[in-house]
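I opened the notebook to go through a few local features one by one, starting from a single side chain and working outwards to helices and loops.

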Amino acid sequence: MAQLEQIAAPGSEWWRSAVIYQIYPRSFADASGDGIGDLPGITSRLDSLKELGVDAIWLSPFMTSPQRDAGYDVADYRDVDPLFGTLDDFDTMLNEAHRRGIRVIVDLVPNHSSAQHAWFQAALKAAPGSPERARYIFRDGKGENGELPPNNWESVFGGGMWERVTEADGTPGQWYLHIFDPTQPDFDWTNEEVREEFRSILRFWLDRGVDGFRVDVAHGMIKADGLPDYTPPADADSMGGGEANVPYWGQDGVHDIYRDWHRVLAEYDGDRALCGEAWMPTLKQTALWVRPDEMHQTFNFPYLMTEWDAEALRDVIRESLEEFGAVGAPSTWVLSNHDVVRHASRLALTEENPQGDGIGPLTPNKPDTAIGLARGRAATTVMLALPGSAYLYQGEELGLPEAMEIPDAFRQDPTWFRTNGERYGRDGCRVPIPWEADAPAFGFNESGASWLPQPADWTAYARDVEEKDETSTLALYKRLLAVRKEHGFGSGSLAWEDAGADAVAFRRGAVHVVANLGTEPLDLPAGARVLVASQPFDGDALPVDTAVWYTTD
Ligand code: GLC
């Protein structure tokens, strides 16, 4: 850890203000040329992240997995899937990142394993009531012969939440619970053996030197006693973001697990951190994950879900600072990840688009790319001025839109298959990113293969093209990150300013931040000296869908 001390000494609580860049390994950089990104690919591109100016990277899962949910179905929590490389490749990547002063967070998937996990395979072979079955949630079915599922819960990916097994003697048997795909059976977190196993998995990665974990489905691990029936409202968000009192989301018992993990991390030096993926309906509930003895951060999904509306944006920022502040935690900020429509498209949507629906060839009223990009850049300009930690998702620094025309034959997200094509799912935000305009697969690899097809017009977004253009999204992100660091925007507090109903305006020390979410240009004060603008403009009026950082001295 010696190299890291230059940027943040142990005890500095680096995660309070860090900018953390999410790498989706299968789509970042592909050294092997098989069309799927890998760890050596990441290592080879670390300099570009250093130049961008991020403090840490978070890697989506690269552990051994049959890839039924792009690696969020883990068969061995202590090894690297051959698709992505080896444990040695991981250690090299980690050391190379640390050498550049970049911290590394890995994804931990504790709600469910893959059906290929040795424990689940043993559970299938064992008898009802056995210790092997007790690591997962097996129940007898209802109906005369157990032919009906134990309750009416619906899977996040569509269809029922239960799968029936065939017992060793060939007869139809018990059912097991899976919040997601049937290939992702849920662990029973009331079982101490499961808890001990995950403490040991945490230690495995902490011992290798990781700086923390992003915890998948951190609101789902405990289910309500008795597994009572539950029917979500018709317009419910699949991950629970809009609903209260769901028997499989946000049950009180999950917090004991994180108190326990907090103690495990505290045994290590160097400020290791936990960040939860908990899609809770309110910020007050979200903040429960970051009470002082639990996680260090949790994703601010109410912020991510906020529409392009000035009042809504002001409200969610104010409430975030209040609610996270009330428990002594930093707020986090995030606009894009591998599960949602990229914000350079989402912010121009004119129709409802619940999480997981995605956008595809037949979606009506697709978002306008130019409006989306302007809003996306303005939104990021606001976000990176806010106190707290910000998450970026690979490709957003290039202004990538959602890939909206992926032909059906290439789709991979289980959501698409489980809903018979009713919901496109998340492939549109997962397409391999463009590095060089004129290279095969835009420089993603040397072979030209790509597990999802890259849109032909992504030439314009290639990193090498944007590097030469001082008005590019990449140039904007670099400037925002540099000025944010210089002025210490990640910590401290903000002072609200009034720039009218259609604006979001606040001050960070001597720097004023204002975004125009209205329909008319907005006058800036005389003498305003622009430090960064989300897009170039002439004169003293801030164009619509534009944000700026300025001083008046
Ligand atoms: C989380 C992940 C998502 C995955 C799901 C099941 O929501 O972000 O990609 O499909 O968990 O593990």
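**Entry 1: a serine and its surroundings**

I looked first at Ser27, where a polar atom of the side chain lies 2.5 Å from the backbone oxygen of Arg430. I note at the outset that this is a predicted model. I placed Ser27 in the loop between β1 (19-23) and α1 (39-44). Is Ser27 buried or exposed? I found a relative accessible area of 0%, so Ser27 is buried. I then listed its contacts, leaving aside neighbours within four places in sequence, and the list holds Gly37, Gln394, Arg430, Val431, Pro432, Ile433, Phe444 and Trp451. Arg430, the partner in the polar pair, is thus also among the residues in contact with Ser27.

**Entry 2: helix α14 and its partner**

I turned next to α14, which covers residues 473-487 and has 15 residues. I compared its reach of 21 Å, from the first C-alpha to the last, with the 21 Å expected at 1.5 Å a residue, and the two are close. I recorded Thr473, Leu474, Leu476, Tyr477, Leu480, Leu481, Val483 and Arg484 as the buried residues of α14. For reading such a list I kept in mind that an α-helix has 3.6 residues a turn, so residues three or four places apart point the same way.

How do α11 and α14 run relative to each other, roughly parallel or roughly antiparallel? I found that helix α11 (residues 369-383) packs against α14 at an angle of about 10°, the axes being 10 Å apart. An angle under 35 degrees counts as roughly parallel, and α11 and α14 are therefore roughly parallel to each other. On the α11 side I noted Leu373, Arg377, Thr380, Thr381 and Met383, which meet Thr473, Leu476, Tyr477, Leu480 and Arg484 in α14. By type, the residues of this contact of α11 with α14 divide into 5 nonpolar, 3 polar and 2 charged.

I also checked Glu486, which has its place in α14 and counts as exposed at 62% relative accessibility. From Glu486 to Gly539 I read 27 Å in space, C-alpha to C-alpha, for a separation of 53 residues in sequence. Just after α14, Gly488 takes a positive phi of about 60°.

**Entry 3: helix α9**

I went on to α9 (residues 310-326), whose 17 residues reach 24 Å from the first C-alpha to the last, close to the 24 Å expected at 1.5 Å a residue. I found Ala310, Leu313, Arg314, Val316, Ile317, Ser320, Glu323 and Phe324 buried in α9. At the start of α9, I saw that a side-chain oxygen of Asp309 comes to within 3.3 Å of the backbone nitrogen of Glu311. Just after α9, I noted Gly328 with a positive phi of about 75°.

**Entry 4: positive phi without glycine**

Most residues other than glycine have a negative phi, so I looked up residues that depart from this. Asn365 is not a glycine, yet has a positive phi of about 50°, and I located Asn365 in the loop between α10 (343-346) and α11. Asn420, likewise not a glycine, has a positive phi of about 50°, and I located Asn420 in the loop between α12 (414-418) and α13 (463-467). For accessibility, I noted that Asn365 counts as partly exposed at 46%, while Asn420 counts as exposed at 73%.

Key
Residues numbered from 1 in each chain as written. Predicted model: local features only at pLDDT ≥ 70, side-chain atom pairs only at ≥ 80, totals over all residues. Heavy atoms only, no water. Helix = DSSP H or I, 4+ residues; strand = E, 2+ residues; numbered from the N terminus. Expected span 1.5 Å × (residues − 1). Buried < 20%, exposed > 50% of the residue type's maximum accessible area, 1.4 Å probe, protein only. Axes fitted to C-alpha atoms, helices over the stretch in contact; angles between N-to-C directions. Parallel < 35°, antiparallel > 145°, perpendicular 65-115°, else oblique. Contact = heavy atoms within 4.5 Å. Nonpolar A, V, L, I, M, F, W, Y, C, P; charged D, E, K, R; others polar. Polar contact = N/O pair within 3.5 Å; in protein donor to acceptor, adjacent residues only side chain to side chain.
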